[in-house]
Amino acid sequence: MSRESHMEQVERWANFVKNNPNKWRKDHTGFINALFDKHYKFVERLAKIPGGKEKLIKAYNIKNKKGYSWLE
């Protein structure tokens, strides 16, 4: 993505927020929640493959394995 197209997207979002003060929060919340859901599902899938749990432990630098449902 070029810097110009990125700035165009930023400007479009800023205009949307400015012109839709009651709507943008719902759209933004849905987007953020979808990101978290995708991440969690990816972690669960990766944890099920051989060596997946070890990769996650290394990637996240996990020392205490309690509290991670995908490690149990």
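Visitor: How many helices and how many strands are there in the protein chain?

Guide: Start with the inventory. This is a predicted model, and its protein chain has three helices and zero strands. Going along the sequence, the pattern reads α-α-α.

Visitor: And the overall shape? What radius of gyration does the protein chain have, and what would a compact globule of 72 residues have?

Guide: Put the two values side by side. The protein chain comes out at 18 Å, while a compact globule of 72 residues would be near 11 Å. You can also look at the spans along the principal axes: the C-alpha trace covers about 45 × 30 × 20 Å.

Visitor: What share of the residues is buried?

Guide: Here a cut-off helps: a residue is called buried when its relative accessible area is under 20%. In this chain, 14% of the 72 residues are buried. As for the surface, about 6500 Å² is accessible, and carbon and sulfur atoms account for 56% of that.

Visitor: Now the helices. At what angle do helix 1 and helix 2 pack?

Guide: Look at two things, the angle and the distance between axes. Helix 1 (residues 3-19) packs against helix 2 at about 130°, and the axes are 9 Å apart. Helix 1 is therefore oblique to helix 2. On the helix 1 side, Trp-13, Phe-16 and Val-17 make the contact, and helix 2 brings Trp-24, Asp-27 and His-28. Sorted by type, the residues of that contact are four nonpolar, one polar and one charged.

Visitor: What about helix 2 and helix 3: how do their axes cross?

Guide: Same recipe. Helix 2 (residues 24-48) and helix 3 (residues 52-60) have axes that come within 7 Å and cross at roughly 130°, so these two helices are oblique to each other. Helix 2 contributes His-39, Val-43, Leu-46 and Ala-47 to the contact, while Gly-52, Lys-53, Leu-56 and Tyr-60 come from helix 3. By type, this contact of helix 2 with helix 3 has five nonpolar residues, two polar and one charged.

Visitor: Lys-53 is on that list. Which residues is Lys-53 in contact with, leaving aside its neighbours within four places in sequence?

Guide: Skipping those neighbours shows you what the fold brings together. Lys-53, which sits in helix 3, is in contact with Leu-46, Ala-47, Trp-70, Leu-71 and Glu-72. Take Trp-70: it is 17 residues from Lys-53 in sequence, and their C-alpha atoms are 7.9 Å apart. With a relative accessible area of 27%, Lys-53 counts as partly exposed.

Visitor: How far is Lys-23 from Pro-50, C-alpha to C-alpha?

Guide: Compare the sequence gap with the gap in space. Lys-23 and Pro-50 are 27 residues apart along the chain, and 44 Å separates their C-alpha atoms. Lys-23 belongs to the loop between helix 1 and helix 2, and its 46% relative accessibility makes it partly exposed.

Visitor: Where does Tyr-68 lie?

Guide: You'll find Tyr-68 in the segment after helix 3. Tyr-68 is partly exposed, at 31% relative accessibility. From Tyr-68 to His-39 there are 29 residues along the chain, and 14 Å between the C-alpha atoms.

Visitor: One last stop: what is the phi of Asn-61?

Guide: For a backbone angle, check the sign and the residue type. Asn-61 is not a glycine, yet it has a positive phi of about 55°. Asn-61 is placed in the segment after helix 3. Is Asn-61 buried or exposed? At 52% relative accessibility, Asn-61 counts as exposed.

Notes: Residues are numbered from 1 along each chain as its sequence is written. This is a predicted model: local features need pLDDT of at least 70, side-chain atom pairs count only at pLDDT 80 or more; totals for chains, interfaces and linings use all residues. Side-chain values use heavy atoms; hydrogens and water are left out. Axes are lines fitted to C-alpha atoms, for helices over the stretch in contact, and angles run from 0 to 180 degrees between N-to-C directions. Helices (H or I, at least four residues) and strands (E, at least two) are DSSP runs, numbered from the N terminus. Angles under 35 degrees count as roughly parallel, over 145 as roughly antiparallel, 65 to 115 as roughly perpendicular and the rest as oblique. Contact means heavy atoms within 4.5 Å. Ala, Val, Leu, Ile, Met, Phe, Trp, Tyr, Cys and Pro count as nonpolar, Asp, Glu, Lys and Arg as charged, and the others, Gly among them, as polar. The radius of gyration is taken over C-alpha atoms; the globule rule is 2.2 Å times the number of residues to the power 0.38. Buried means under 20% relative accessible area, exposed over 50%, partly exposed in between (1.4 Å probe, protein chains only). Accessible areas come from the Shrake-Rupley method with a 1.4 Å probe; for residues, only the protein chains shown count as cover.
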